[in-house]
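User: Please take a close look at one part of this model for me: the contact between the chains. I am a first-year student. Short sentences would help.

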Amino acid sequence: MITSDLTAERIREYLSQGKRFDGRKPDEFRELIIETGVSKNAEGSARVKIGKTEVLVGIKMDVATPYADSAGEGNLMVTAEFLPLSSPRLDLGPQPFESLELARVIDRGIRESHFIELDKLCIKEGEKVWNVMIDIYTINDDGNLMDAAGIGAVVALRNAKIPKYDEEKGKVDYHESSGKKVPLRKEIPISITVHKVGDSLIVDPTKEEEDISETRVTMCLADGTVHSLQKGNAKELSIEEFNKVIDLIEKTEKDILNKIESLK
Amino acid sequence: MTEFKRPDGRKVNELRKITAKVGVVPNADGSAMFAFGDTVAIAAVYGPKKMHPQHSQNPEKGTLRCTYNMLSFSVNERIRPGPSRRSQEISKITEWALQPVVMIDEYASQVVDVHINILQANASTRCAGINAAAMALAHAGIPMKSLVQSVSIGKLDKQLVTDLIKAEEDWEEGEGPTDIPITLTGDGKISHIQLDGKISPKQLKEAIQLAKESQKQIYDEQVKALKKVGEEQ
């Protein structure tokens with residue numbers, strides 16, 4: 001932990017009175033800025049800023065053979081890389097566990113909600129299907145990379161166009177678009193994380209708050225239905241607290257959804 | 001409403017037969033086997049011992065380190081031996097599930113290693129692994145506030161069920177499957193929960209109650225096995 005004990009104590013003290021250092025309420029997000037189409041060579045892309053936190057998400061597609069257990073469906077892959085440029089705490093070398101966890105949690109939300117209609121990404125059953133690769137990069141980590149990444153992934157998918165596939169040559173022509181968008185359901189899956197700091201439940205922690213968070217729950221909702229959930233970190237939650245977490249995530253998800261749907 | 005039919009004929013809130021045994025790895029400081037029916041997990045504890053690599057040492061308090069691994073032949077399609085992204089995540093989740101009850105703060109710079117291996121899998125492997133790990137830690141004499149109990153709650157179409165098997169994980173009817181592995185501590189708090197699938201927030205809350213209902217039965221089997229060791233000595 002890098003946040004000092006003194007700062008930690010003060011953050012908890014503030015929160016016990018329902019206040020935060022930056023003047024937000026416990027259930028208040030920082031300013032959310034979403035841009036799409038930020039990379040020319042990606043099939044779709046997005047830049048998401050939550051306060052000083054920033055992530056870039058790009059969608060690339062190619063044609064590959066399907067997995068045996070989903071012969072008629074496209075493949076989905078999500079990876080995340082915590083770039084050393086995004087934080088003084090990151091070094092070159094193997095990625096921290098949080099990077100792997102983030103990719104897996106975002107993957108499950110998109111996969112379980114069936115947001116991408118993978119059955120429509122089949123070119124020839126058992127032989128050729130589209131791969132959809134969602135790659136998440138951190139640009140600046142000031143807390144809550146998880147939610148930024150989840151928002152970035154769905155926004156980039158909504159921005160993505162399928163490249164042209166030349167059946168005869170068996171090659172994807174990345175210079176030409178097929179004009180088709182990635183087939184998506186209209187219900188947008190959104191992952192929101194709630195942290196427990198001291199005795200308070202908060203959304204969208206800054207890095208300082210995240211440092212002293214003892215436990216967190218990330219839940220992905222689409223159209224009011226839960227599709228994935230993960231409790232991270234060691235501190236236990238009473239069932240009563242957990243139920244409050246669910247309510248808080250439901251409420252926050254609606255706000256973020258409105259923001260995404262107002263994009264055009 | 002007609003009674004919901006499970007593939008193996010169990011009632012909706014019925015666990016598979018639990019088998020639990022302590023002392024399955026003589027070399028370890030503590031060890032245990034825990035099985036939900038055909039899902040068999042063993043866990044071995046080594047430590048507290050000096051933490052290697054040295055840079056992972058925490059001079060303030062002891063570290064709990066869990067590793068979850070499936071044997072290559074524990075499932076139908078062979079798993080490539082070695083760590084995968086999935087197994088790394090489950091290892092961490094297992095650590096988090098156990099940390100609230102394990103009291104190893106005083107073992108500064110040391111580590112308690114918990115090695116979990118899935119010998120045979122028919123779903124709910126992480127739950128069986130966590131149950132085995134809790135017993136192995138107790139067997140090793142690691143100070144603990146309580147054991148933990150882990151169980152998977154499923155939703156098949158619209159029906160909540162306890163302790164999923166593989167055939168249920170792949171449920172195809174209606175709303176399909178939802179898998180919710182949950183771990184509870186001795187004082188009834190949630191130390192671990194995950195979810196995959198499709199469920200309303202309301203029914204999710206019900207699922208947690210269902211997990212709570214089977215906690216006692218798992219606890220009884222863990223304690224029975226642990227007591228047996230005491231009697232033999």
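Analyst: Start with one term. Two strands pair if DSSP finds at least two bridges between them. Keep that in mind for the strands below.

This is a predicted model. The predictor gives the complex an ipTM of 0.84 and a pTM of 0.91. Chain B has an average pLDDT of 95, and 98% of its residues score at least 70.

Now the contact itself. On chain B, 25 residues are in contact with 25 residues of chain A. Three elements of chain B give two or more residues each to this side: α1 (85-98), β9 (190-199) and α4 (201-232). The largest share comes from β9(B), with 10 residues. By class, the side of chain B that touches chain A has 9 nonpolar, 9 polar and 7 charged residues.

Look closely at β9(B). Its partner across the chains is strand β12 of chain A, residues 225-232. The two strands pair in the antiparallel sense, over 4 bridges. Within this pair, A:Leu229 stands opposite B:Leu195. Strands of a sheet pair through backbone hydrogen bonds, either parallel or antiparallel.

Next, step back to the whole sheet. It is an open sheet of 8 strands, with antiparallel pairing. Read across it, the order is β10(A)-β9(A)-β11(A)-β12(A)-β9(B)-β8(B)-β6(B)-β7(B). The step from chain A to chain B falls between β12(A) and β9(B). At the edges stand β10 (200-203) of chain A and β7 (159-162) of chain B. Each has a single partner strand, so one side of each is left without a neighbour in the sheet. From one strand to the next, the twist averages 20 degrees.

Follow the sheet to its chain B edge. There, strand β6 (residues 148-156) of chain B runs antiparallel to β7(B), and 4 bridges join them. B:Gly154 stands opposite B:Val161 in β7(B). These two strands form a hairpin with 2 residues between them. In the turn, B:Asp157 has a positive phi of about 55 degrees.

Now add the helices. Helix α2 (residues 97-112) of chain A lies across strands from both chains: β9 (190-197), β11 (215-222) and β12 of chain A, together with β9 of chain B. This helix runs at about 165 degrees to β12(A).

α2(A) also meets a helix of the other chain, α1(B). Their axes come within 10 Å and cross at roughly 110 degrees. That makes α2(A) roughly perpendicular to α1(B). From α2(A) come A:Phe97, A:Leu100, A:Glu101 and A:Arg104. From α1(B) come B:Arg85, B:Gln88, B:Glu89 and B:Lys92. This contact divides into 2 nonpolar, 1 polar and 5 charged residues.

Inside chain A, α2(A) has another helix to meet. The axes of α2(A) and helix α3 (residues 145-159) of chain A come within 10 Å and cross at roughly 40 degrees. That makes α2(A) oblique to α3(A). The crossing is right-handed. On α2(A), the contact uses A:Leu102, A:Val105, A:Ile106, A:Gly109 and A:Ile110. On α3(A), it uses A:Leu145, A:Met146, A:Ala149, A:Gly150 and A:Ala153. By class, this contact has 8 nonpolar, 2 polar and no charged residues.

To recap: β12(A) and β9(B) pair across the chains, and α2(A) lies across both of these strands.

Terms used. Residues numbered from 1 in each chain as written. Chains lettered and ligands numbered in written order. Predicted model: local features only at pLDDT ≥ 70, side-chain atom pairs only at ≥ 80, totals over all residues. Contact = placed C-beta atoms within 7 Å. Nonpolar A, V, L, I, M, F, W, Y, C, P; charged D, E, K, R; others polar. Axes fitted to C-alpha atoms, helices over the stretch in contact; angles between N-to-C directions. Parallel < 35°, antiparallel > 145°, perpendicular 65-115°, else oblique. Left-handed = near helix turned anticlockwise from the far one by under 90°. pLDDT = per-residue confidence, 0-100.
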